[in-house]
Amino acid sequence: METSSRELQAAEYLEKHHIKELVSYLTSALLFFRPEKPKEYLISLLERLRIAKVTGVAFPFFMDNSNIVAMFEMMDSSGRGTISFVQYKEALKTLGLSTEDEDLQDDGHKITLDKFKEEVQPSLKTGFL
């Protein structure tokens with residue numbers, strides 16, 4: 001019983017402090033930029049995130065419109081102009097914009113580039129910190 005209580009406390013702590021989203025963001029940034037010195041890059045990134053939080057200035061995310069389009073095009077390998085809901089959901093997780101517990105509803109429609117951009121861009125601007 002003590003173990004489940006500790007697990008619950010740990011899960012609540014991670015959720016309260018947005019740790020899963022932070023780790024996902026840091027991992028995505030590493031894979032996107034592939035810096036020569038990843039540990040120094042992460043330290044620098046965390047410092048910039050801290051400064052952004054303290055000053056209230058929005059942190060500039062690494063994804064811009066061209067990156068969003070490129071990500072969509074990679075998923076749309078057939079060039080049909082749409083991706084599946086599963087691909088869409090995985091992209092949101094990769095970008096740290098969705099959590100495991102978040103219940104995204106599949107309405108049966110394919111996701112177009114415009115819909116993808118409409119969903120991703122505002123989330124990247126608001127961030128998670």
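Trainee: Where is His 18 found with respect to helix H1 and helix H2?

Mentor: His 18 is found in the loop between helix H1, residues 2–16, and helix H2, residues 19–33, where helices (H or I, at least four residues) and strands (E, at least two) are DSSP runs numbered from the N terminus. This is a predicted model, in which local features need pLDDT of at least 70 and side-chain atom pairs count only at pLDDT 80 or more, while totals for chains, interfaces and linings use all residues. Residues are numbered from 1 along each chain as its sequence is written, and side-chain values use heavy atoms, with hydrogens and water left out.

Trainee: Why is His 18 called partly exposed?

Mentor: The relative accessible area of His 18 is 34%, and the rule calls a residue buried under 20%, exposed over 50% and partly exposed in between (1.4 Å probe, protein chains only), so His 18 counts as partly exposed. His 18 also has a positive phi of about 55° although it is not a glycine.

Trainee: What makes Arg 34 exposed?

Mentor: Arg 34 has a relative accessible area of 60%, and it is therefore classed as exposed. Arg 34 lies in the loop between H2 and helix H3 (38–55), and its phi, near 50°, is a positive value in a residue other than glycine.

Trainee: How do you know that Arg 50 forms a salt bridge with Glu 47?

Mentor: A salt bridge requires a side-chain nitrogen of Lys or Arg within 4 Å of a carboxyl oxygen of Asp or Glu, and the closest N and O atoms of Arg 50 and Glu 47 are 2.7 Å apart, which satisfies that rule. The count by this rule comes to one salt bridge. Arg 50 and Glu 47 are three residues apart in helix H3, so about one helical turn separates them. Arg 50 is partly exposed at 45% relative accessibility, and Glu 47 is partly exposed at 35%.

Trainee: What makes a set of residues a nonpolar core, and which residues make up the largest one?

Mentor: The members must be buried Ala, Val, Leu, Ile, Met, Phe, Trp, Tyr and Cys residues joined through side-chain atoms within 4.5 Å. The largest nonpolar core has 12 residues in all, among them Ile 68, Phe 72, Tyr 88, Ile 111 and Phe 116. The elements giving two or more residues to this core are H4, helix H5 (85–94) and helix H6 (113–126). A second, separate core of seven residues includes Tyr 25, Leu 26, Ala 29 and Leu 45.

Trainee: Why is the pair of Phe 72 and Phe 116 called tilted?

Mentor: Rings of Phe, Tyr and Trp (its six-membered ring) pair if their centres lie within 6.5 Å, with planes under 30 degrees apart counted as stacked, over 60 as edge-to-face and the rest as tilted. Four aromatic pairs are counted by this rule. For Phe 72 and Phe 116 the centres are 5.7 Å apart and the planes 45° apart, so the pair is tilted. Phe 72 lies in helix H4 and Phe 116 in helix H6, so the pair ties together parts that are 44 residues apart in sequence. Phe 72 is buried at 3% relative accessible area, and Phe 116 is buried at 0% relative accessibility.

Trainee: What makes the pair of Tyr 88 and Phe 116 edge-to-face?

Mentor: The angle between the planes is 75°, with 6.3 Å centre to centre, and the pair is therefore edge-to-face. Tyr 88 lies in helix H5 and Phe 116 in helix H6, so this pair ties together parts 28 residues apart in sequence. Ring pairs link Phe 72, Phe 85, Tyr 88 and Phe 116 into a cluster.
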